[in-house]
Amino acid sequence: MGWIVAVIAAAAAVAAAVRAQNSARAERIAAARAELAERQAKAAEARTAALTDEIRQLARERIPAAALALSHPTAKVPGLREAADVDGGSARLLTEAVQAARTAVVEERGRVDAAARAAMRGTSAKIQSLLNQSQQLLHELQHEYDDPRILQLDFRNELALRRTQATAVLCDAWPGLARQNSPLVEIVLGAQSRVAGYERIKVANHLRDERLALVARAAEPLAIALAEVLANATAYSHPDTDVQVTLQQSGGRGAFLVVDDAGIGMDGDALDRARALLAGPPEVLLTELGDPPQTGFAVVGRLVLQYGFNCHIEDSPFGGMRTILRVPAHLLTVLEDDRSLSALAPKPVRTQASPAVPAPTEQETAPVPQPAGGEAPALPSRRRRAPRPAPARAASVAAPDREQVPRTPEQAGASWAALQQGTLNGRSVAGPPSAPAPDDHDHPDDRDDQGDDQT
């Protein structure tokens, strides 16, 4: 009987021990679960805080930087600051938000730019029409009144017309002026007359064919492009320096207009941007041209894209920049011989000196006047004097200079006036000659040389 009680007591003790162990294990499990829940809650709070920080960075930094990078490619767009604390799904959503914002900005900028172009295109057309009417009226006033202020007003009207025309071209409008086939040298003169510093522009004509011309559809666009290049060269160079324009012809490759200035030059970034604009990109937003907008290279790029020119810019040996406009052969033609060129057009510069004209060996006989009656007096026959070496060399050296720098009508008039005054003074001192002598008559060539030397 006693052993039964002992067994029951032992079983009760074992059951109590098991219950105690189970209770302790349940407490440990509950504590572990509570600790795990606490850790998970802290991790969730950390992820929520990190995601909140990323969203804040997205709104304050990443989206504005993405919008800025559209116009400034060198601007950096920041990424996730704490990528480890943001899960993959949230990171993808944040990246998609940046791309969506970029797309929305691009589309909105395109709509705004298109509206601005349309408004400027219509306004430019109206202003250009009014300026053309003003120009016509000024030309009529120049024929009626001799007032230099009318010329100054006409020149300022021409400058305003160029700026309006360039704005219209930048907005994809027609240049607004139709021409016939025009000589290349006259295109250069027309572009020069549209620039404020036109007196500093020196033109050297190295064309093999003086009557080389542009076809009608490309004449005015090339004049606009060259005027923008010249305006840029004169604006960014010292007023005491010259801007050199060289016309060259290169076989089947067309013609080249080389513009050199001694200006301040460009740094690497500015040069790369200028080359990108001159290459003729498909689209240039007005908001990307700065404030105030610098439209010169952008206008040339639009014309390059539309008419097939080529434009390249590089460092100039004169210290500034060299801009090369290439006109392809299919845009060139040759004028007929009956078409006269402008009197202001520079003559082609010859690289080789003109060969000396050989002196004739035959004797020249002076005309014999026939008296009213009686026998004609026998006058001595005139023999051509031997050419003098020094004047011949001087004339051969001076010939290219006279060809390069033609005399103006005022200079020619002053030269002949001085020649006539010198002749009258000499006759008044020497008195009337008794008889004509062979050496008393100046040779016509000598008289022309004297007139040229006095210019």
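pLDDT is the predictor's confidence in each residue, from 0 to 100. Keep that in mind, since you're looking at a predicted model, where local features need pLDDT of at least 70, side-chain atom pairs count only at pLDDT 80 or more, and totals for chains, interfaces and linings use all residues. Residues are numbered from 1 along each chain as its sequence is written, and side-chain values use heavy atoms, with hydrogens and water left out.

**Stop 1: colour by confidence**

The protein chain has a mean pLDDT of 75, with 74% of its residues at 70 or more. Now select residues 352-405: pLDDT stays under 50 there, and the model gives this stretch 33 contacts beyond four places in sequence. A contact means heavy atoms within 4.5 Å. Residues 426-455 are also below 50, with 28 contacts beyond near neighbours in sequence.

**Stop 2: the whole chain**

Switch to cartoon view and you'll find 10 helices and eight strands. Both are DSSP runs numbered from the N terminus: helices are H or I with at least four residues, strands are E with at least two. Of the 455 residues in the chain, 29% are buried. Buried here is under 20% relative accessible area, exposed is over 50%, and partly exposed is in between (1.4 Å probe, protein chains only). Among contacts with a separation of 6 or more, 74% join residues 24 or more positions apart.

**Stop 3: V77, between two helices**

Select V77, in the loop between helix 1 (2-71) and helix 2 (88-144). What does V77 touch, leaving aside neighbours within four places in sequence? Its contacts are R62, A65, A66, A69 and R102. Draw a C-alpha to C-alpha distance to A67 and you should get 9.1 Å, for two residues 10 apart in sequence. V77 is partly exposed, at 32% relative accessible area.

**Stop 4: the five-stranded sheet**

Next, show the open sheet of five strands, with order 2-4-5-7-6 and mixed pairing. Strands count as paired if DSSP finds at least two bridges between them. At the edges are strand 2 (201-206) and strand 6 (310-315), each pairing on one side only. From one strand to the next, the twist averages 15 degrees. Zoom in on strand 2 and strand 4 (residues 243-249), which run parallel and share six bridges. One spot to click is H206, whose bridge partner in strand 4 is Q248.

**Stop 5: helix 6, lying across the sheet**

Add helix 6 (residues 268-278), which lies across strand 6 and strand 7 (321-327) and runs at about 170 degrees to strand 6. For such angles, axes are lines fitted to C-alpha atoms (for helices, over the stretch in contact), and values run from 0 to 180 degrees between N-to-C directions. Which residues of helix 6 are buried? Select L271, A274, L277 and L278. Look down the helix axis: the buried residues fall within an arc of 125 degrees, so they line one face of helix 6. That arc is taken from the directions from the helix axis to the C-beta atoms. The buried residues pack against helix 7 (296-307), strand 6 and strand 7. Just after helix 6, stop at G280, with a positive phi of about 80 degrees.

**Stop 6: the smaller set of strands, 1-3-8**

Another open sheet has three strands in the order 1-3-8, paired antiparallel. Strand 1 (182-183) and strand 8 (332-334) each have a single partner strand, so one side of each is left without a neighbour in the sheet. Strand 3 (residues 212-214) and strand 8 are joined by three bridges, and L212 stands opposite V334.

**Stop 7: aromatic pairs**

Show the rings now, as the structure holds two aromatic pairs. Rings of Phe, Tyr and Trp (its six-membered ring) pair if their centres lie within 6.5 Å; planes under 30 degrees apart are stacked, over 60 edge-to-face, and the rest tilted. F155 and Y198 are edge-to-face, 5.2 Å centre to centre with 65 degrees between the planes. F155 sits in helix 3 (residues 148-170) and Y198 in the loop between helix 4 (184-192) and strand 2, so this pair ties together parts 43 residues apart in sequence. Y198 is partly exposed, at 39%. Y307 and F309 have ring centres 6.4 Å apart and planes at 20 degrees, so they are stacked. Both are buried: Y307 has a relative accessible area of 16%, and F309 has 2%.

**Last stop: D172**

Finish at D172, in the loop between helix 3 and strand 1. Its phi is near 65 degrees, a positive value in a residue other than glycine. Most residues other than glycine have a negative phi. D172 counts as partly exposed, at 40% relative accessibility.
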